[in-house]
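Notebook open, coffee poured. I want to go through this model piece by piece and jot down what I find.

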Amino acid sequence: MALMRMAVAAVLLLDLGIRSTDLEAHYTNMGVLPLYVLFERAWNPYEFSLHTMSGLWVVQAALFGLAAAVALGLLLGWRTRLLTVVSWVLLVSVQNRNPMIVQGGDDLLRMLLFWAIFLPWGRVWSMDAQARPAPPHYSYFSAATAAYVVQIALVYVCTALLKSGPEWRSEGTAIYYALSLDQVLMPGGRLLYPHYELLKALTHLTFYLELLLPVLLFIPVATPVWRTVFVVVIWGFHLGISLTLFVGLFFIISAASVLGLLPTPVLGWLERRLGPGVQRGAGHLGRWRQSLTRWQWPLTVELRANWQPQVRRHFCLLPALRDTVLLVLLGYTIWWNLDGIARPGYTMREPLRWFGYVFRTDQHWGMFAPTVFKDDGWYILEGQTKDGRRLDLNRGGQPVTYRKPYSVVALHKNDRWRKYSENYLFVSNDWMRPYYCHYLLRRWHENPRNPPLRQLDVVYMKEVSLPHYKVRGPTREVLCSCQP
């Protein structure tokens, strides 16, 4: 769990670093989603966000700086529980500020922090541990650990059950269609794409792996072995996805999420291999903070039950009440995940969903579900100059060409922009379109070296993927036009 804490904190810092490169575009009133538009079009009245207190970039920068400082403190294990709560609040806040760039990995990261509030992941390998004696044993069991394990299982079981389309269940063409999406295709995917029969086999393997692999988490016999198998397979699974499809930080978040499942022998091996080196590094940092040299290094970490007599002596009403509340929350989370899986009569009614909206325990693991998009394409930001030239702002102002670029995914700065462009296509989100168009115009004209534009067209070159490597299209669709 301590290893997972440090990995999650590192992911938070990485996520903040990526988000900060688009501070103005995604989080201020000068960007693609001003506050008044957010509240009018994309706001849930149960949600909260500190980032909505102002549309100025300096306020957003201050909040980003605070979040980075808190994440660094969490990484070092200083006042761990408090900083876990603060990190969770700031993460929910920044996600609520711009829901149009949120993806599945954000949901998982948010839920990891939520359950970690109740986990002792700062008990070892932390600055907090320096003033406390080493724990008598490293086994720990509570409702929080049960919730954490079940949450990991829900991610994979639910995404499999939501894959109800024939492309997943019978035809076996889902991965073929996924790799036909040039806007997410990575080099590894190009190598696999020509092998149609292999893609069919990988489709069925992916479906049953997601559906059945979580069973390993609940086998009561040889638990360390099965959990090690689960972690290794999940790492390999997400590594394969990251090499073939552009999924942003999702594969890193998923890899970090299962670190808490590593069993005793693996942690013992890691301690023997990595512990001395990290402690030596901490010794160098001791010039700044001597306490770092006294981190406690556990020999074993487990998540299964091991009720010792000394634990019973400390039993009191408060832990029992906490565990009862957590079990209720776990049941609530499982019930929420029935959406799209169970019959409508068994799903949660809207009046009961307020808690999920407030604390952002809402979740939906519909990755490439119920089926894979067939519509693909690429953007051309077609600007018309006053002297009649047509320039593509998406390619740095080069002359417009309708030829398909070799790498469509390279047109996106990062996965946040890729997700934004995906949401930009939906008819239900047509309200987004003029704000993006005017943002692009303003940024273009801020550079005096750029020729003035009299009009900008946000063009989508749409092509539809068909079976057996056939494609319909492309067709030119003007999503939005705007003038200075």
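My entries below go from the record annotations to the sheet, the helices beside it and the cores.

**Ground rules**

I am working on a predicted model, where local features need pLDDT of at least 70, side-chain atom pairs count only at pLDDT 80 or more, and totals for chains, interfaces and linings use all residues. Residues are numbered from 1 along each chain as its sequence is written, and side-chain values use heavy atoms, with hydrogens and water left out.

**Annotations**

I looked up the UniProt record (unreviewed entry), which puts a "domain: HTTM-like" on residues 1-266. Its positions are in the numbering used here, feature names are shortened, and annotations may be inferred rather than shown by experiment. Over residues 1-266 I get 63% helix and 0% strand, with the end C-alpha atoms 13 Å apart. For helices (H or I, at least four residues) and strands (E, at least two) I use DSSP runs, numbered from the N terminus.

The same unreviewed entry lists "transmembrane region" for stretches including 55-75, 108-126 and 138-162. I checked two of these. Residues 108-126 come out 47% helix and 0% strand, ends 24 Å apart by C-alpha. Residues 138-162 are 80% helix and 0% strand, and there the end C-alpha atoms sit 37 Å apart.

**The sheet**

Next I traced an open sheet of five strands, in the order S3-S2-S1-S4-S5, with antiparallel pairing. Its edge strands are S3 (398-399) and S5 (470-482), each pairing on one side only. I count two strands as paired if DSSP finds at least two bridges between them.

- S1 (residues 375-385) and S2 (residues 390-392) pair antiparallel over three bridges, and Gln-384 stands opposite Arg-390 in S2.
- S1 and S4 pair antiparallel over eleven bridges; Gly-377 has Lys-462 in S4 as its bridge partner, and Thr-385 stands opposite Leu-453 in S4.
- S4 and S5 run antiparallel, joined by ten bridges, with Val-459 partnered by Val-478 in S5.

Both hairpins have a residue with positive phi. The S1 and S2 hairpin has four residues between its strands, and Gly-388 has a phi near 95°. S4 and S5 have three residues between them, and His-468 in the turn has a phi of about 55°.

How buried are S1 and S4? I call a residue buried under 20% relative accessible area, exposed over 50%, and partly exposed in between (1.4 Å probe, protein chains only). Ten of the eleven residues of S1 are buried, so S1 is largely enclosed by the rest of the structure. Eleven of the 14 residues of S4 are buried, so the same description fits S4.

**Asp-392**

This one is in strand S2, and I find it buried, with a relative accessible area of 2%. A polar atom of the Asp-392 side chain lies 3.0 Å from the backbone nitrogen of Leu-381. Leaving aside neighbours within four places in sequence, Asp-392 is in contact (heavy atoms within 4.5 Å) with Ile-380, Leu-381, Gly-397, Gln-398, Pro-399 and Val-400.

**Helices H18 and H19**

H19 (residues 433-445) lies across S1, S2, S4 (453-466) and S5, running at about 75° to S5. That angle is between N-to-C directions on a scale from 0 to 180 degrees, with axes fitted to C-alpha atoms, for helices over the stretch in contact.

In H18 (residues 415-425), ten of the eleven residues are buried, so I note H18 as largely enclosed by the rest of the structure. Charged names are on the buried list too, including Asp-415, Arg-416, Lys-419 and Glu-422. Asn-414 caps the N-terminal end of H18, a side-chain oxygen lying 3.0 Å from the backbone nitrogen of Arg-416.

**Cores**

Which residues touch the most other members of the largest nonpolar core? Of its 105 residues, I get Ile-152, Phe-230, Leu-261, Tyr-420 and Tyr-424. Helix H7 (residues 143-162) gives the most to this core, with twelve residues. A second core, of 18 residues, lies apart from it, with Ala-178, Leu-179, Leu-185 and Tyr-196 among its members. A nonpolar core here is a set of buried Ala, Val, Leu, Ile, Met, Phe, Trp, Tyr and Cys residues joined through side-chain atoms within 4.5 Å.

Leaving aside neighbours within four places in sequence, Tyr-424 is in contact with residues including Tyr-379, Met-432, Val-458 and Leu-479.

Conventions
A polar contact is a pair of N or O atoms within 3.5 Å; within protein, one must be able to donate a hydrogen and the other to accept it, and residues adjacent in sequence count only if both atoms are side-chain atoms.
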